[in-house]
Amino acid sequence: MNTTANTAASRPGTANAARSAEDNPSLHPGRELCYYFKPTHTFLAHQVELGNIKYDTALEIEVEHCTMTRPAISLRASYSDKHAQAGQYNRYIRNWEMLEEEVHSNLENDANGVRMWSVKVSSNNPRILGPKAQPEALRKARLGAFEIILSWQSAGGGSRQQIVLFSKLNSLRFPNPPDVVEYLVRTLAPARSTRFTVYARELPSGLGCRGALVNAEQEGAPEGRKPTGVEKLRGESDKNGQIELVLPFGVFMATAEIYRGGPDPANPEVSSGHAKFDVHGQLLKSVCVPVCPPMAPGQVRVACTWAEFPHEVSMAVKTPYGIVRSHPAGEDEAPGVPHAAVECVPTEGGFGPISVLIDDLVEGRYHVFCKCKPYAVGSKMFGWKEANAQVTLFGVGGSEPLSFSRMAGDEGDYWDICFIEVAAGGKVSVREFNAVQVDEPGNRMVTIVVRDMSGQPVAGAKVSCQAEGRDEQVAVEVRDLGDTGADGTIEALLPLGEYTANVTAAEYIRTTVKLVVDLDPQVAGVTVPMVKDACFVGSSDLLCVLSWAGDAIAKLVIETPGRLLKVPEEGEEDPYGSDPSRSMLLRGTNPVGALLAPPDPNLCGGDFTDFIWVECGEGMDVCNMQLSVFTKDGLLQTMVPPPELLDGTSTFWAVGEVVNGMVDTVGKSTRAVECPARGKTFRIRTIPARPEECETAISAEVTVETAKGDLVRSWKNPPKPDDVDYSRDGEFALFLPFGEYNVEATDPMWFSPLRMESINFTKSAVPSLGMCMVEKKEIDAKTAFVTLSWAGMPSELDLCIRSHDGTVTSQNKSESKATVIKGVKYETSNKDGFGPKVLSFTQPLVGKFRLYVLNRNLNEKVSLYACNPQVNIILYTGIWRRFQIEVQKGIEVEDGHMATPCWHVADLKVENDTKMGEQCIECVEVNKLVALEPAIDS
């Protein structure tokens with residue numbers, strides 16, 4: 001309540017002095033005097049008792065106050081304190097402003113901001129000014145007046161009343177605005193109070209609880225302070241379990257408790273309960289409080305209570321075993337559901353309680369909701385919003401019961417209460433809805449999309465579903481949902497739960513998928529992959545298909561060690577679209593899958609197994625994702641992602657290994673935060689040393705072995721476009737697990753075997769390898785080639801040679817191939833990855849040389865060690881020397897790549913001879929990574 005500037009506006013003794021003044025009705029003819037400070041003026045209180053002022057009566061406060069300018073010859077000024085030197089102010093305006101503020105703050109609304117009275121406040125309205133004989137435009141406030149008039153239209157069509165709350169002309173004093181408003185709140189309070197009946201009823205019997213101690217407390221009321229106008233807040237229930245209270249309008253919490261005998265007489269058992277309710281003129285004037293004894297561990301009691309109306313109320317609890325529904329007394333009960341039962345329903349009328357006991361909470365979800373048929377009393381309908389209804393959970397959330405009332409929503413016969421969710425290990429959580437709605441809760445419209453492996457809709461497919469339940473649940477019948485339309489979709493309204501959807505269509509294998517129907521963020525749909533028999537050639541072929549619903553972006557990865565599973569580039573058309581039996585090709589977007597043919601044991605070896613995993617950035621748990629495995633005989637397996645990890649967002653799903661013709665998920669199907677990839681697609685290219693002058697294509701036999709010599713894969717010839725593992729001409733591609741390998745290429749027309757050993761293939765290594773081969777007819781007895789090849793990245797490495805005469809690099813290569821060193825030429829300089837870079841030595845040649853490789857593309861952040869470079873020296877007699885980078889300790893690493901850009905390969909000394917053979921070349925291997933290009937000794 002505003003008390004600003006009270007010292008000036010309401011001086012001590014004002015009310016006492018005013019009480020001594022005689023009433024002067026002539027100052028307000030036709031108006032009843034009801035001064036706020038005179039106890040003998042009871043007209044307003046009497047009007048409230050007669051019911052002429054109701055809780056919804058519109059009030060109007062009008063003030064007549066003097067408007068003469070001050071100070072004037074005959075009018076003195078007002079000051080902020082007793083000293084004339086203090087600031088002057090207009091006391092009439094100040095009192096009017098204070099009154100207006102007090103009305104808005106403490107009469108229109110209560111202390112909690114809840115609307116109380118509809119009040120209009122105005123000053124010097126010509127309607128109340130005099131003299132009445134004058135036109136309103138000529139009327140003026142009287143000199144020295146500060147008159148407060150309250151008016152209203154009497155309830156029930158009565159006359160309009162006007163009373164004078166204060167008259168300065170009569171009392172010769174100013175009013176205290178806070179006291180005026182406090183008087184109105186106190187006097188009008190009975191119009192905003194009502195008799196209210198609280199019914200205390202015991203559980204599980206539902207009978208009246210005699211002798212229960214009932215206490216009602218208003219929300220927001222100061223502790224220990226009795227709300228204005230209240231006559232009775234607490235008491236003891238009678239033999240019928242009821243007690244009548246007188247309560248002001250507002251929000252209340254009523255508690256009821258009773259002491260019963262127990263095993264320990266010194267500590268009697270206490271049954272208790274509570275109910276939260278609204279008291280208002282438009283609402284029912286009763287409420288029921290459920291009184292429940294202490295619950296045993298693992299048990300939950302759900303109770304619904306309400307007011308006198310409505311009469312037709314039911315409650316439902318969906319459990320993991322089935323649904324429990326209450327029925328009016330006398331009606332046949334539905335078949336029983338394990339571990340849950342209806343305890344009591346009202347025999348007639350309203351109030352309740354309806355009680356359901358869950359005697360053993362099990363892992364899963366319990367959904368609680370209620371329904372009522374609104375009850376008509378004249379033109380008034382009483383539904384959930386008017387019934388002070390409450391649902392209480394006993395045994396959940398500790399010793400105190402958990403209750404739901406004052407529901408959200410605008411209209412509807414159904415009241416959706418909450419989920420009780422029991423996690424593995426017994427942890428119980430409650431998800432609140434507490435809203436009324438038109439349709440029955442626990443249902444959702446679901447879209448089932450049926451597509452073939454090319455992404456085309458399958459029209460006319462027959463769709464049915466069956467709810468999944470626990471072993472103790474009675475059998476659930478199969479529900480026929482109908483046929484898909486031209487777009488391959490069908491919609492169905494399904495209760496929340498888990499289902500198996502069955503889809504059949506002509507020429508397609510019968511398919512089943514798992515379907516979870518739940519509230520947001522669960523996607524309301526599922527994608528069903530349909531497969532034809534024509535997809536399979538051999539009885540051992542497996543078709544693995546990933547499907548999901550919604551807008552999630554998912555990637556299916558099938559690792560096939562020793563073989564290539566082709567993954568089309570984005571936007572690339574399927575080159576084998578007309579051949580659904582084409583294996584080892586990832587097809588589609590959603591569904592997406594690949595047909596896996598068994599590996600040829602003559603070409604593929606090792607103890608490797610195919611491995612399947614999935615990446616999905618967001619929504620894996622809510623998009624009904626699943627992996628389906630088909631064979632020629634039908635659907636073999638359906639797998640769904642395991643639950644999300646508790647310690648973070650896991651975007652990966654490691655599904656399992658392909659073992660003995662099926663996906664082995666036992667102990668292997670897990671969620672992962674980090675990528676579970678076991679390797680990558682590895683590409684080997686055989687490259688001619690002088691491609692521009694090459695007349696015969698390389699037709700090498702390539703083998704890949706483990707460091708122990710076990711065969712991983714062999715190719716007799718380069719794959720051709722029609723081959724399953726073809727990627728491009730001259731390339732041998734396979735999925736290669738991380739590890740250490742040897743690679744060898746052999747072609748009798750080319751200097752071979754060309755071999756690379758101990759290739760350390762890691763996650764950071766470039767997954768490719770270039771192998772530069774020299775055709776035998778290209779080298780005569782006077783010539784030697786030095787070749788460099790590497791992986792697909794970086795785009796360029798530089799093969800360099802330095803002597804006293806200068807340095808030869810690809811940077812100073814000319815079209816004539818001449819260099820600053822006589823007898824040394826640059827034959828080939830490829831700058832698109834893989835290589836080659838080729839130098840030729842031709843007799844006569846004399847000198848000492850540094851042979852090294854320089855990484856000029858440090859911006860690509862690929863270390864020399866990671867790109868598998870190889871330098872070979874080829875003489876007319878064959879491959880004379882092979883060089884690979886050895887793993888070195890202490891190599892500096894910056895930004896994920898080695899900072900040493902130079903590989904010092906070897907030092908050469910060449911003498912003049914008639915042939916470029918071993919007798920004239922001396923080679924000292926250096927094989928070190930260095931920071932600077934090696935210099936020539938003086």
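This dialogue goes through aromatic pairs, charges over rings and one sheet in a predicted model.

Reader: What kind of model is this, and how are residues numbered?

Author: The model is predicted, so to speak of its limits: local features need pLDDT of at least 70, side-chain atom pairs count only at pLDDT 80 or more, and totals for chains, interfaces and linings use all residues. Residues are numbered from 1 along each chain as its sequence is written, and side-chain values use heavy atoms, with hydrogens and water left out.

Reader: How many aromatic pairs are there?

Author: A pair of aromatic rings is described by the distance of the centres and the angle of the planes. Rings of Phe, Tyr and Trp (its six-membered ring) pair if their centres lie within 6.5 Å; planes under 30 degrees apart count as stacked, over 60 as edge-to-face and the rest as tilted. By this rule there are 19 aromatic pairs.

Reader: Why is the pair of phenylalanine 309 and tyrosine 375 stacked?

Author: Their ring centres are 4.5 Å apart and their planes lie at 5°, so the pair is stacked. The pair links distant parts of the chain, 66 residues apart: phenylalanine 309 is in the loop between strand 15 (300-305) and strand 16 (312-319), and tyrosine 375 is in strand 21 (residues 375-377). Strands (E, at least two residues) are DSSP runs, numbered from the N terminus.

Reader: Is phenylalanine 309 buried or exposed?

Author: Buried means under 20% relative accessible area, exposed over 50%, partly exposed in between (1.4 Å probe, protein chains only). Phenylalanine 309 has 12% and is therefore buried, whereas tyrosine 375, with 29%, is partly exposed.

Reader: Which aromatic pair does tryptophan 715 form?

Author: Tryptophan 715 pairs edge-to-face with phenylalanine 732, at 5.4 Å centre to centre and 65° between the planes. Tryptophan 715 is buried at 4%, and phenylalanine 732 is buried at 0%.

Reader: Where does the charged end of arginine 678 sit?

Author: A charge sits over a ring if NZ of Lys or CZ of Arg is within 6 Å of the ring centre and within 35 degrees of the ring normal. For arginine 678 the ring is that of phenylalanine 611, its centre 3.8 Å away. Arginine 881 sits over the ring of tryptophan 880, 4.2 Å from its centre.

Reader: In what order do the five strands of the open sheet come?

Author: Two strands pair if DSSP finds at least two bridges between them. The order is 36-37-34-39-40, with antiparallel pairing. Strand 36 (586-587) and strand 40 (634-639) are the edges, each pairing on one side only.

Definitions and conventions: Helices (H or I, at least four residues) and strands (E, at least two) are DSSP runs, numbered from the N terminus.
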